Structure formats: C-alpha cells, structure tokens
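Please read these notes with the coordinates open. They concern the sheet, the salt bridges and a surface patch.

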Amino acid sequence: MTLSYDIHSANQNWHGTTIVGVRKNGQVTIAGDGQVSLGQSIIKSSAKKIRRIIIEKNEVIAGFAGSTADAFTLIERLEKKLERSPGHLTKASIELAKDWRTDKYLRNLEAMLIVSDGSTLLILTGSGDVLEPENNIAAVGSGGNYALAAARGLYDTAEDTKVIASKALKIASEICVYTNGNLISETLKSK
C-alpha cells in the first residue's frame, strides 16, 4: 500500500512526538516517543527524536517536536553556535533563537527544541523564545501537556530523572493518540 498526500493541502498536518525534559539532583533526562503521524495515519513508530551533540568535551542533548527536517536544520545550527561558544548552552541558544526569528529561511521552520547540557534545561521556539521552565520540567509536542502534568505529579515521588521522564511519557502515550510507547531517552549529569 502506498500512502500519498498533497503537501499543499491545509487538511493534512504532521502530528506526533512528545518530548519531555526533567532536571533533578544534578542531572537532566530528555525523553521522546517514536511516533510520526500524518493526519490519522501512523507513518513511523520508531523515530529517534533525541540527539546528542558533543563539542570539545562538552555534551548537549536535544529533543525535537515538529518537522524532522526542520528540527535537524535547527540542531545543526545549534551545533555551529556551540562550536563558537563551547560550554555556553544559553548563549548558543539565544544566538540560534535570534537567527531563527530574523532569518527569512529559518523563520519558516516548524519545530520546537528542548535542550540541556546537564545543568541548564531550555525550550527553544521559532518565536524567538529561549525559556527556562519553572519546576525543572519542560515538555513540547502533541502530548506535551499530558507529559508535563504527569512529570509534575511524579517529580516529588521519584529521584531519578529517567524514571520520571519515562513514566510521564508512558502516561502521555495512554492519553494522546499522536504519542506512542517507543521511548528513547538521554541523560546528562551536571558538571
């Protein structure tokens, strides 16, 4: 069976992805599900939406929601910003957000990022936002609000960030039809 669609149709929207980031006890975990949907069809159930960037012994993890090609473009741009300012995630993120907001090409990219260096946890948006979430939890994507609520409920009862993120995504996958249980996560400890 071949799936075809008109990319110009306003009725066909890419959905999918729930990304959650949790910071606690000197570490951060960013986790995401693996589902990519087009309309009401699941296109892929095992997409990897978490990436690890290593620049001069400094590590950053990034999770993305939205268009995969757009997100990869943004992650590549973030990597270049980190090469210019190794070890300064906030500065690199602000520089990326400035470009994203003002560059004619980048302005049309449809994705959101959650990034961390193990200490800082940030949400980056195409509106030029670089947000450090309150309560040490960030979530984006189709099931983002479900994962955020679940993680906030779990935060005081579990010590491990991977446990909190995993359980939050599991709960989101049981509520959001655009989120599945194929979890991938990355954890970094603060330096």
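The numbered points below go through these topics in turn.

1. The model is predicted, and the comments should be read with that in mind.

2. The sheet is open and has 5 strands, in the order E6-E7-E8-E9-E10, with antiparallel pairing. Strand E6 (50-55) and strand E10 (130-131) are the edge strands, each of them pairing on one side only. Helix H1 (residues 68-84) packs on this sheet and touches E6, strand E7 (58-66) and E8. The direction of helix H1 makes about 20° with that of E6.

3. Within the sheet, 4 bridges join strand E8 (residues 111-116) to strand E9 (residues 121-124) in the antiparallel sense. Valine 115 is placed opposite leucine 122 in E9.

4. The structure has 8 salt bridges. One of them joins glutamate 132 to arginine 23, with the closest N and O atoms 3.0 Å apart. Glutamate 132 sits in the loop between E10 and strand E11 (137-141), while arginine 23 belongs to strand E2 (residues 18-24), so the pair ties together parts 109 residues apart in sequence. Is each partner buried or exposed, or partly exposed? Glutamate 132 is partly exposed at 48% relative accessible area, whereas arginine 23 has 15% relative accessibility and therefore counts as buried, the cut-off being under 20%.

5. Aspartate 99 and lysine 81 also meet through their side chains in a salt bridge, at 2.6 Å from N to O. This pair links distant parts of the chain, with aspartate 99 in helix H2 (residues 89-102) and lysine 81 in helix H1, 18 residues apart. Lysine 81 counts as buried at 11% relative accessibility; aspartate 99, at 24%, counts as partly exposed.

6. Helix H2 also holds the salt bridge between glutamate 95 and lysine 98, where the closest N and O atoms are 3.3 Å apart. The two residues are 3 apart in helix H2, so about one helical turn separates them. Both count as partly exposed: glutamate 95 has a relative accessible area of 29%, and lysine 98 has 45% relative accessibility.

7. A network of salt bridges links Arg52, Glu59 and Glu186.

8. On the surface, Tyr146, Ile171 and Ile175 form a nonpolar patch; together they have about 260 Å² of accessible area. Tyrosine 146 is located in helix H3 (residues 144-154). Its relative accessibility is 38%, so tyrosine 146 counts as partly exposed.

Note on methods
Residues are numbered from 1 along each chain as its sequence is written. This is a predicted model: local features need pLDDT of at least 70, side-chain atom pairs count only at pLDDT 80 or more; totals for chains, interfaces and linings use all residues. Side-chain values use heavy atoms; hydrogens and water are left out. Patches are made of residues with over 30% relative accessible area and no salt bridge: like charges are joined within 9 Å, nonpolar side chains (Val, Leu, Ile, Met, Phe, Trp, Tyr) within 5 Å. Accessible areas come from the Shrake-Rupley method with a 1.4 Å probe; for residues, only the protein chains shown count as cover. A salt bridge is a side-chain nitrogen of Lys or Arg within 4 Å of a carboxyl oxygen of Asp or Glu. Buried means under 20% relative accessible area, exposed over 50%, partly exposed in between (1.4 Å probe, protein chains only). Two strands pair if DSSP finds at least two bridges between them. Contact means heavy atoms within 4.5 Å. Axes are lines fitted to C-alpha atoms, for helices over the stretch in contact, and angles run from 0 to 180 degrees between N-to-C directions.
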